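Work through the exercises below with the sequence and the coordinates side by side, and try each task before reading its solution.

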Amino acid sequence: MNDYFKPFAPEQPNGVNVLTIAGAFPTPIQPWLVNHLVEIIRHGGDNRVISRRAELDQITEAVQMHRLTEKYICVPENRVSVLKTFLSAMSNQAVRKRTIALLSKYKGGNRSVVKRTFDVLAAPTLAVKPDIIHSHSEPVGTRLLPLIVANGAPFVQTFHGLTPIGVPTISADQRRVYSRAAKAVFVNTDFARKQFEAIGGESDNFIVVPQGIDLEKWRYSPCQYSDQGPINLLTVGRLDEEKGHIYAIQAIAELLRQGHQVHYHIVGRGPQGEYLKSKARDLGIQDRVTFHGVLIDDEIKEIYRKSHIFILPSLRSGDGLWEETQGVVLQEAQATGLHVIACDSGGISECLGDGKVGYLIPDRDVNAISGAVNDILSRKSEWSFRQQEARSWVEKHYSLSRIGEKMNTIYRHLIEDVQG
């Protein structure tokens, strides 16, 4: 039995012990979650983490440093795996006692026999005693909701936007019940709040808190313009259709046709990987487009430092629902010193000051992407000023330490409200 089932460490002054619910952990493609957990520790609290899927192939330095995998449990849909965890946990007298107490408050309502059986098997994982429970995954949070309620700790959730196209989600009715159970719903932009309400979410207490980045990690080190080497363009994100990589690839072909020495670096993985590679070959630019897969720690920082311009070509959706809510990669790019070009999708305009600190362009527009790159290249004398301006913007609005302090204060206020 790992540290997950052990009592939370004694709190330091103002610390908050948090049980976090996630879809996957410790996934390298969601660094914001690890950032949040580290801030909980920095403010004197302790963590426990539940997810439905474990991603242990690439564990970041922060996860290792703070021993987060030792305070983590995977609760998959596979009942055999859940049964093994149940039997192991229940062999401990203290866990068994806490689980029995939790199940005495459990209300399965009209849930099916299969779901009630799952709830009983998963009960030990919710029989810990946090100060607050924070869910970052609608499907997992909804699945565990009766156990969350039985736990009795204040429950909050963060809506990070719709799941990628093709990934299972929850119904509007489920979302209404789930959101109403929360004392607060966190969103990273006002667009995310509107999106959440449009798909059935309800709350009397929306709180806008953007995802922050660690400015010590993302140091300002801009790559200056040089006539000697290529201009490196960069996109970081899942290789999904809605991310719009194909339009950036076509823009690279146009820039090369115009005589610009550019190289496009794509970081990420996803179902469109092979398709995008084939398109680069079809355009005859495969030697000017590099697919790096997922990069973490020093590797991802290094590719930002070597790049000049960041492109976020995310698309608007036909129904106006699946769109970027924040785009943390923009803040990583600006903190490092890259110029940024982003399609005006979802909450992106909020994150760029409505275009004051970056290029906002229409989506699905190859000429708009190439035109923005041309404009940046034509303003070499302004590079330093623009790069520093963008860094200052991130320092003011997206500093992880400031946001961590804000979250810790909100947690404490919510806990105090419940305690009366």
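**Exercise 1. Determine the strand order of the open sheet of six strands, and find which strands lie at its edges.**

Step 1. The open sheet of six strands runs in the order 10-9-8-11-12-13 with parallel pairing, where strands are DSSP runs of E of at least two residues, numbered from the N terminus, and two strands pair if DSSP finds at least two bridges between them.
Step 2. Strand 10 (289-293) and strand 13 (359-361) are the edge strands, since each pairs on one side only.
Step 3. From one strand to the next the twist averages 20 degrees, with axes fitted as lines to C-alpha atoms (for helices over the stretch in contact) and angles running from 0 to 180 degrees between N-to-C directions.

The model is predicted, so local features need pLDDT of at least 70 and side-chain atom pairs count only at pLDDT 80 or more, while totals for chains, interfaces and linings use all residues. Residues are numbered from 1 along each chain as its sequence is written, and side-chain values use heavy atoms, with hydrogens and water left out.

**Exercise 2. Describe how strand 9 pairs with strand 10, and state which strands helix 13 touches.**

Step 1. Strand 9 (residues 262-267) and strand 10 are joined in the parallel sense over four bridges; Tyr264 has Val289 in strand 10 as its bridge partner.
Step 2. Helix 13 (residues 328-336) packs on the sheet and touches strand 8 (231-236), strand 11 (309-312) and strand 12 (339-343), contact meaning heavy atoms within 4.5 Å. The direction of helix 13 makes about 170 degrees with that of strand 11.

**Exercise 3. Characterise the aromatic pair of Phe159 and Phe196, and decide whether each ring's residue is buried or exposed.**

Step 1. The whole structure holds eight aromatic pairs (ring centres of Phe, Tyr and the six-membered ring of Trp within 6.5 Å; planes under 30 degrees apart are stacked, over 60 edge-to-face, the rest tilted).
Step 2. Phe159 and Phe196 form a tilted pair, at 4.8 Å centre to centre and with 45 degrees between the planes.
Step 3. Phe159 belongs to strand 5 (residues 155-159) and Phe196 to helix 9 (residues 190-198), so the pair ties together parts that are 37 residues apart in sequence.
Step 4. Phe159 is buried at a relative accessible area of 1%, and Phe196 is buried at 0%, where buried means under 20% and exposed over 50%, with partly exposed in between (1.4 Å probe, protein chains only).
Step 5. Phe159, Phe196 and Phe206 form one aromatic cluster.
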